[in-house]
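Please find below a short note on the structure, set out as numbered points for discussion.

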Amino acid sequence: MADIAVIGAGYVGLTTGTCLAHLGHNVTIADIDEIKVQKLSEGEVTIFEPGLSGLLTQGIENGNLKFVVGATSASRNAAFHFLCLPTPPNPDGSTNMEYFNSAIEEIKDILPPNSVIVNKSTLPVGTASQLKKQIQRTDVEIVSNPEFLSEGNAVQDFLQPSRIVIGAESQEAASSVAALFKDIDATTQITGTESSELIKHTANAFLAMKLTFINEIATLCELVGANVLDVAEGIGYDPRIGSTYLRPGPGWGGSCFPKDSASLLQTANKAGFDFELLEKAITLNQTHLQRTAQKVVDALPQGKEPENSKIAALGLTFKAGTDDLRSSPSLAVIEHLFNLNARVSAYDPMVNLPIENMSKLEITSTAYEAASNADALVILTEWQEFADLNFERIREAMRHPIVVDARNLLNPQDLELLGFQYIGLGQ
Ligand code: UGA
């Protein structure tokens with residue numbers, strides 16, 4: 001079993017380190033945030049990720065998992081150094097390498113001889129080669145091993161992955177990293193570092209493009225009287241298309257798709273390639289978010305101006321199953337609603353504090369409170385809890401029983417029977 005340092009205790013680092021400890025490795029996770037390290041050492045998980053807490057406690061108890069402050073303390077005695085650092089976007093869409101570079105500067109001279117740096121963070125193409133020159137350590141190999149962890153499902157995505165991708169320039173380094181995952185039953189693809197880095201960006205950009213496509217089809221369905229759910233099902237049976245990532249929504253978002261598509265576009269620009277298809281998929285998503293807000297305003301009772309009405313929004317995070325608000329489509333739609341002068345009250349099972357820069361948004365502690373005196377209600381994320389609400393009670397609370405279901409979560413017939421005007425997406 002290997003000695004592994006994981007630098008960064010965000011959701012990727014924490015999941016990676018905890019799962020590697022679960023596989024039997026001796027793992028030390030480092031972060032710069034002392035309070036976070038203290039909490040984690042006591043078994044308190046700082047993010048919402050199903051299954052993580054149990055594995056983390058297990059790792060601490062069996063001695064496989066430790067938490068320390070600072071990358072140096074973790075890396076000094078490790079054979080593998082997993083870099084799981086934030087890579088936020090710069091204003092132009094390129095990747096901000098500040099956290100990554102400062103960790104590298106901190107550890108490059110104390111790395112034990114013949115150890116391996118493993119880039120888990122999503123990094124622009126060429127980072128591994130550039131890093132090799134930057135660290136000036138001929139004895140240290142750089143490997144790219146992108147994560148394919150979706151929030152809310154990260155532990156399962158780690159332990160039962162669709163594939164493991166390892167990018168390396170040395171076969172020996174690739175094999176040593178592959179051996180860390182030997183107990184995981186998955187296809188392992190070994191490539192060069194550039195391809196591995198590009199695989200990660202391409203996967204996210206492709207899924208984002210697929211979602212833009214189905215959202216565009218949803219709009220077309222509304223114009224021609226088709227039902228996007230039937231269309232998605234019908235094309236999804238074709239294994240060349242596949243049935244996942246075909247659920248239309250208010251627009252896609254989250255901490256990865258927007259950032260990674262923008263970064264891939266920058267990579268293409270830098271390489272002198274005009275990646276029009278991807279660029280259009282990104283701008284069409286913006287249009288779709290705006291269209292979702294307009295749909296809600298259009299659904300208001302006749303003669304009711306947005307400024308004199310109240311809209312109830314259910315769901316604030318970027319999807320169900322997470323507490324993450326980063327680049328949330330729900331917040332983008334609400335922002336557009338504010339621009340259209342609407343008043344919005346929102347409920348989310350994972351959010352109870354005011355949201356930065358959204359002082360106009362009233363956050364309630366139940367869906368019924370949000371619905372109270374509302375002229376329309378919009379479903380923005382797909383929590384089962386929203387489908388299980390007592391809609392009779394919701395109808396009684398609302399001023400006008402109008403539901404815009406931007407996730408197609410509810411059963412239209414059930415709502416219509418209860419006296420609601422139901423407006424789905426692409427139906
Ligand atoms: C995504 C990828 O799915 C992971 O494989 C990847 O590792 C991760 O980014 C990353 O780069 O770290 P995540 O950001 O958690 O994971 O989000 P997804 O579950 O993929 O959802 C992204 C967006 O697409 C959300 O806004 C979601 O609501 C939307 N979506 C997804 C739909 O609107 N319809 C769908 O059918 C699926």
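The points that follow concern a predicted model and take up the ligand site, the nonpolar cores and one helix residue.

1. The shell around the ligand holds 21 residues, of which Glu147, Glu151, Lys200, Tyr245 and Lys319 come nearest. By class, the shell divides into 11 nonpolar, three polar and seven charged residues.

2. Polar contacts to oxygen atoms of the ligand involve both side chains and backbone. An N or O atom in the side chain of Glu147 is 2.7 Å from a ligand oxygen, and a polar side-chain atom of Lys319 likewise lies 2.7 Å from an oxygen atom of the ligand. For Leu149, a polar backbone atom is 2.9 Å from a ligand oxygen. The ligand on its own has 720 Å² of accessible area, and the protein covers 94% of this.

3. Helices H9 (193-224) and H11 (257-270) each supply at least two residues of the ligand shell. The largest share, three residues, comes from H9.

4. The largest nonpolar core has 40 residues, and Ile4, Phe80 and Phe82 touch the most other members. Helix H1 (residues 11-22) gives the largest share of this core, six residues. A second, separate core comprises 27 residues, including Ile334, Ile355, Leu380 and Val404.

5. Leaving aside residues up to four places away in sequence, Phe82 touches Ile4, Leu20, Val118 and Phe181, among others. Its contacts also include Thr16, Lys120 and Asn145.

6. Thr127 belongs to helix H6 (residues 127-135). Thr127 counts as buried because its relative accessibility is 6%, under the 20% cut-off. Beyond four places in sequence, Thr127 touches Met97, Phe100, Asn119 and Glu197.

Conventions. Residues are numbered from 1 along each chain as its sequence is written. This is a predicted model: local features need pLDDT of at least 70, side-chain atom pairs count only at pLDDT 80 or more; totals for chains, interfaces and linings use all residues. Side-chain values use heavy atoms; hydrogens and water are left out. A nonpolar core is a set of buried Ala, Val, Leu, Ile, Met, Phe, Trp, Tyr and Cys residues joined through side-chain atoms within 4.5 Å. Buried means under 20% relative accessible area, exposed over 50%, partly exposed in between (1.4 Å probe, protein chains only). Helices (H or I, at least four residues) and strands (E, at least two) are DSSP runs, numbered from the N terminus. Contact means heavy atoms within 4.5 Å. A residue is near a molecule or strand if one of its heavy atoms lies within 4 Å of it. A polar contact is a pair of N or O atoms within 3.5 Å; within protein, one must be able to donate a hydrogen and the other to accept it, and residues adjacent in sequence count only if both atoms are side-chain atoms. Accessible areas come from the Shrake-Rupley method with a 1.4 Å probe; for residues, only the protein chains shown count as cover. Ala, Val, Leu, Ile, Met, Phe, Trp, Tyr, Cys and Pro count as nonpolar, Asp, Glu, Lys and Arg as charged, and the others, Gly among them, as polar.
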